[in-house]
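Grab the structure and work through these exercises at your own pace. Each one has a task, followed by a solution in steps.

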Amino acid sequence: MNALDLSRLPVTKEAEVVVCGGGTAGVFAAIACAHLGKDTLLIEQFGSLGGTATNGLVTPLMSVHIPGNPQCSYLYNLLQEKLLALGAGNAGGTAFDPLMLRYALEQMCVEAGVRLLYHTFIPEVIREGDTVTAVVIANKAGLSLVKGKIFIDATGDGDISVRAGAEYNKGNPETGKNQPMSLRYIIDGIDMHALAECFAQEAERTGISKNAGVWNDGKEMYADCCRGANVTLTKLFEEAVEAGDLTVEDHIYWQAFGMPGRYGSIAFNCPEFFENIDGTDPDDLSISQVKGKEAIVRQLAFYKKYMKGFEKAYIAEIAPMVGVRESREIVTDHVLTAENILGKQKFADMISQSNYPIDIHGKQLTNRYLIEPADDGKPWYEIPFRSLIVKGLDNLLVVGRCIGAEFIAEASVRVQPTARSTGEAAGIGAALALAGNKSIREVDGADVRAIMIENGANFA
Ligand SMILES: Cc1cc2nc3c(=O)[nH]c(=O)nc-3n(C[C@H](O)[C@H](O)[C@H](O)COP(=O)(O)OP(=O)(O)OC[C@H]3O[C@@H](n4cnc5c(N)ncnc54)[C@H](O)[C@@H]3O)c2cc1C
């Protein structure tokens with residue numbers, strides 16, 4: 001066989017719907033589709049689900065900043081029940097233990113009848129005309145094909161769409177750079193009462209009591225200290241930078257969260273990187289892993305030297321997956337713009353709502369984007385189902401942080417609640433297309449939304 005003739009590889013699996021990538025959006029897509037009786041296969045490169053939320057250690061779940069925090073997802077309710085039963089979530093549904101989330105998501109897939117194919121990477125796609133007929137998979141069994149009727153690109157980076165020839169945007173059009181990446185980590189063995197004492201002493205020493213707290217008998221905590229902010233820990237960080245115990249970059253973005261069910265454990269939203277930040281470049285990903293671990297070891301030494309409570313602390317987990325905030329955004333039938341987001345645009349085929357701010361790390365929002373928000377008494381924007389349909393392809397949907405959105409819009413759309421609802425909508429949309437024997441373009445987003453609501457999804 002010609003080495004390049006991938007279409008002649010053996011077909012090792014087939015499914016009605018093939019979900020490519022088992023992150024936040026992919027899992028919700030697969031479960032929603034399986035709930036509607038469709039044979040659904042979920043392919044994931046790692047050996048667990050949740051992607052950035054679990055293997056990237058990204059906790060907590062952001063609020064959508066709409067009163068009541070509607071999640072636009074019925075699967076959110078089921079997941080929340082599971083996390084609470086496992087002691088791995090909080091009542092508000094925002095905080096979770098990323099390590100237990102892996103298990104909860106996997107169990108939901110198993111219960112829904114989703115077929116899981118772990119440790120399998122998708123390097124290429126087979127396209128005939130405007131249809132994706134198969135994805136090429138690479139795993140311990142070698143190279144082969146997986147055939148499907150509808151494919152859902154949930155890779156976060158739009159790998160499947162790009163391989164299928166879709167157009168895409170990438171990075172900030174003003175600088176050409178992607179959003180910063182981070183390599184997150186968890187430290188265990190922390191004496192939370194001693195840490196509370198340390199925060200109180202710092203507050204007294206500096207006269208600033210801001211953004212460093214431990215409460216609920218040490219079961220909950222939050223702290224941040226970003227360069228330029230005047231918070232409780234600012235002086236401590238400045239002293240450590242001055243002494244050479246931290247780098248300036250260590251201080252640019254530092255944030256720490258407690259997690260339900262993990263007493264004495266903190267998840268850190270750092271170190272953050274501002275160079276070599278292309279999440280689709282294997283060299284940049286490799287550099288981030290190496291530089292990230294160096295920074296993490298340095299930061300643990302800093303906690304031990306400068307803060308109480310870390311005497312017996314140790315690194316429990318370093319994310320196997322680099323945290324990519326933004327890489328490629330796929331061009332879909334409707335591409336969300338900054339104007340759509342800030343102008344609080346509404347759509348008849350809406351499947352998700354949010355008012356999460358435009359959250360661009362390492363860059364200030366310029367005046368160009370300070371559009372006067374529309375005042376229709378409904379302070380949120382909406383995502384149409386069309387933003388999930390990959391332009392120019394008949395059977396490919398895209399979900400999660402790489403849906404059709406310009407760079408500025410992606411900076412709001414990228415958070416987990418939105419990834420979940422776009423995934424859920426795509427899974428339902430795919431099932432409706434198959435049930436009605438029609439193309440995904442003929443599926444009405446309003447019908448998708450109706451099923452989400454019927455199953456318990458809460459919209460504003
Ligand atoms: C550092 C950081 C902090 C953040 N903080 C928050 C926060 O506090 N709250 C919040 O709500 N959001 C936060 N976000 C945003 C949010 O976590 C992510 O945007 C979201 O989880 C992305 O979900 P996704 O399903 O689109 O992609 P991912 O979770 O990245 O899932 C993609 C999946 O596809 C797999 N995959 C990729 N390519 C292939 C391939 N070719 N073959 C096979 N498998 C593949 C990956 O292994 C992964 O499992 C943060 C993001 C980062 C990076």
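**Exercise 1.** In this predicted model, work out how the axes of helix H11 and helix H12 are oriented, and which residues make the contact.

*Solution.*
- Start with the geometry: the axes of H11 (residues 416-435) and H12 (residues 445-454) come within 9 Å and cross at roughly 115 degrees.
- Angles of 65 to 115 degrees count as roughly perpendicular, so H11 is roughly perpendicular to H12.
- Next, the handedness: H11 and H12 make a right-handed crossing.
- Now pick out the residues. H11 brings Glu424, Ala425, Ile428, Gly429 and Leu432, while H12 answers with Asp447, Val448, Ile451 and Met452.
- Sort them by class and you get six nonpolar, one polar and two charged residues in the contact of H11 with H12.

**Exercise 2.** Do the same for H1 and H3: at what angle do they pack, and which residues meet?

*Solution.*
- The axes of H1 and helix H3 (residues 98-112) are 9 Å apart, and the packing angle is about 20 degrees.
- Anything under 35 degrees counts as roughly parallel, and H1 and H3 are therefore roughly parallel to each other.
- The crossing of H1 and H3 is left-handed.
- On the H1 side, look for Val27, Ala30, Ile31, Ala34 and His35; on the H3 side they meet Leu105, Met108, Cys109 and Ala112.
- The tally for the contact of H1 with H3 is eight nonpolar, one polar and no charged residues.

**Exercise 3.** Find out how the chain divides into domains, and how many residues of domain 1 are in contact with domain 2.

*Solution.*
- The domain assignment gives domain 1 as 6-175 + 327-454 and domain 2 as 181-324.
- Between the C-alpha centres of domain 1 and domain 2 there are 30 Å.
- Across the boundary, 24 residues of domain 1 are in contact with 21 residues of domain 2.
- On the side of domain 1 that touches domain 2, the split is nine nonpolar, 12 polar and three charged.

**Exercise 4.** Describe the shell around the ligand: how many residues surround the ligand, and which are the closest?

*Solution.*
- Count first: 37 residues surround the ligand, and the closest are Gly21, Gly23, Gly51, Gly323 and Gly400.
- Then map them onto elements. Helix H1 (24-35), strand S4 (121-128), strand S16 (323-324) and H11 each give two or more residues to the shell.
- H1 supplies the largest share, three residues.
- By class, the shell holds 14 nonpolar, 16 polar and seven charged residues.
- Finally, bring the domains back in: domain 1 and domain 2 each provide at least three residues of the shell around the ligand.

**Exercise 5.** Hunt for backbone oddities: which peptide bonds to Pro60 and Pro271 are cis or trans, and what is phi at Asn211?

*Solution.*
- Keep the usual picture in mind: most residues other than glycine have a negative phi, and most peptide bonds are trans.
- Thr59 and Pro60 are joined by a cis peptide bond, with omega about 5 degrees. Look for Pro60 in the loop between strand S2 (40-43) and helix H2 (74-85).
- From Cys270 to Pro271 the peptide bond is cis too, with omega near -5 degrees. Pro271 sits in the loop between strand S13 (266-268) and strand S14 (272-273).
- Asn211 has a phi near 60 degrees, which is positive although the residue is not glycine. You'll find Asn211 in the loop between helix H5 (192-206) and strand S10 (212-215).

Definitions and conventions:
Residues numbered from 1 in each chain as written. Predicted model: local features only at pLDDT ≥ 70, side-chain atom pairs only at ≥ 80, totals over all residues. Axes fitted to C-alpha atoms, helices over the stretch in contact; angles between N-to-C directions. Helix = DSSP H or I, 4+ residues; strand = E, 2+ residues; numbered from the N terminus. Parallel < 35°, antiparallel > 145°, perpendicular 65-115°, else oblique. Left-handed = near helix turned anticlockwise from the far one by under 90°. Contact = placed C-beta atoms within 7 Å. Nonpolar A, V, L, I, M, F, W, Y, C, P; charged D, E, K, R; others polar. Near = placed C-beta within 6 Å. Domains from an automatic or database assignment.
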